[in-house]
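Visitor: Hello, I would like a short tour of this structure, please. Could we take it one question at a time?

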Amino acid sequence: MIAVVSRNRMLALLIALSMIVLAPTAARAASVRCGWLDNPTPGNASLHDKDGEWTIAVQGGHQATGDWPPTFGRGQWINRGPGSYGYGCACLKVEVDAEEKNILDILSGEARPLSACRKDRAISIVEKQLRP
């Protein structure tokens, strides 16, 4: 009887430890998010998709790792102000902190035609906020 109780406790402990170790991995599973990529000023960027605004970077604060922004072709990027700051439509493969709505790591990205975001009813209205 003692061996059975001890084995059950060991099994429960093993399961608990496995959950602790695997929880951060599950929370950072990669997902593809498509929407308006906004880079209005140096060090500031976000992605607006069907789930809202995701912070990529805040000057002096949070900065996602990885290679961003993706390369935008002619007619895929709207400049705002001086330099190359502005917005475009993109899909990013990312790891996120869903609770804080932060993009932690950008694994890859691809620019999309502006029309893709303009036709998406969930995010089409966002462009009015992004326009200069």
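Guide: Gladly. Let's begin with a contact between charged side chains: K50 and D51 meet in a salt bridge, at 3.2 Å from N to O. Please keep in mind that this is a predicted model.

Visitor: Is K50 buried, partly exposed or exposed?
Guide: The cut-off for the exposed class is over 50% relative accessible area. K50 has 62%, whereas its partner D51 has 36% and is partly exposed. Because 62% lies over that cut-off, K50 counts as exposed.

Visitor: Which residues are linked with K50 and D51 in a network of salt bridges?
Guide: Another pair to look at is R33 with D49, whose closest N and O atoms are 2.5 Å apart. That pair links distant parts of the chain, with R33 in strand β1 and D49 in strand β2. The network that holds K50 and D51 also takes in R33 and D49.

Visitor: Are R33 and D49 buried or exposed?
Guide: Here the cut-off is under 20% relative accessible area for a buried residue. R33 has 14% and D49 has 6%. Both values fall under the cut-off, so R33 and D49 are buried.

Visitor: How many salt bridges does the count come to?
Guide: Besides the pairs in the network, R131 forms a salt bridge with E127, with the closest N and O atoms 3.6 Å apart. In that pair R131 is partly exposed at 47%, while E127 is buried at 4%. For the structure, the count comes to six.

Visitor: Let's turn to the cysteines. How far apart in sequence are the parts that the disulfide of C34 and C91 ties together?
Guide: The sulfur atoms of C34 and C91 are 1.9 Å apart, and the link is right-handed, with 110° about the S-S bond. C34 lies in strand β1 and C91 in strand β6, so the parts tied together are separated in sequence by 57 residues.

Visitor: Which of these two cysteines, C34 or C91, counts as buried?
Guide: C34 has 28% relative accessibility and counts as partly exposed. C91 has 16%. Because buried means under 20%, the buried one is C91.

Visitor: Where does the disulfide partner of C89 lie?
Guide: C89 and C117 form a disulfide with sulfur atoms 2.0 Å apart, right-handed at 80° about the S-S bond. Both cysteines are buried. C89 sits in strand β6, and C117, 28 residues away in sequence, lies in helix α2.

Visitor: What pattern do the disulfides follow along the chain?
Guide: A search of the whole structure finds two disulfides. With bonded cysteines counted along the chain, the pattern is 1-3, 2-4.

Visitor: Which strand supplies the largest share of the largest nonpolar core?
Guide: That core has 16 residues, and those with the most contacts inside it include L37, L47, I56 and L92. Strands β2, β3, β6 and β7 each supply at least two of its residues. The largest share, four residues, comes from β6.

Visitor: How many residues are in the second, separate core?
Guide: W36, C117, I123 and L130 are among its members. C117 is also the disulfide partner of C89. The size of this second core is eight residues.

Visitor: Which residues does L92 touch, beyond those up to four places away in sequence?
Guide: L92 is among the residues with the most contacts inside the largest core. Its partners include R33, a member of the salt-bridge network. Others among them are V32, L37, L47, I56, P70 and I106.

Visitor: What pattern does the chain follow, read along the sequence?
Guide: The protein chain has three helices and seven strands. Of its contacts between residues at least 6 apart, 56% join residues at least 24 apart. The order of elements is α-β-β-β-β-β-β-β-α-α.

Visitor: Over which residues does pLDDT stay under 50?
Guide: The mean pLDDT of the chain is 85, and 79% of its residues reach 70 or more. Where pLDDT is low, the predicted coordinates should not be read in detail. The stretch in question has zero contacts beyond four places in sequence, and it covers residues 11-26.

Definitions and conventions
Residues numbered from 1 in each chain as written. Heavy atoms only, no water. Core = buried A, V, L, I, M, F, W, Y, C linked by side-chain atoms within 4.5 Å. Buried < 20%, exposed > 50% of the residue type's maximum accessible area, 1.4 Å probe, protein only. Contact = heavy atoms within 4.5 Å. pLDDT = per-residue confidence, 0-100. Salt bridge = Lys/Arg side-chain N within 4 Å of Asp/Glu carboxyl O. Disulfide = S-S within 2.5 Å.
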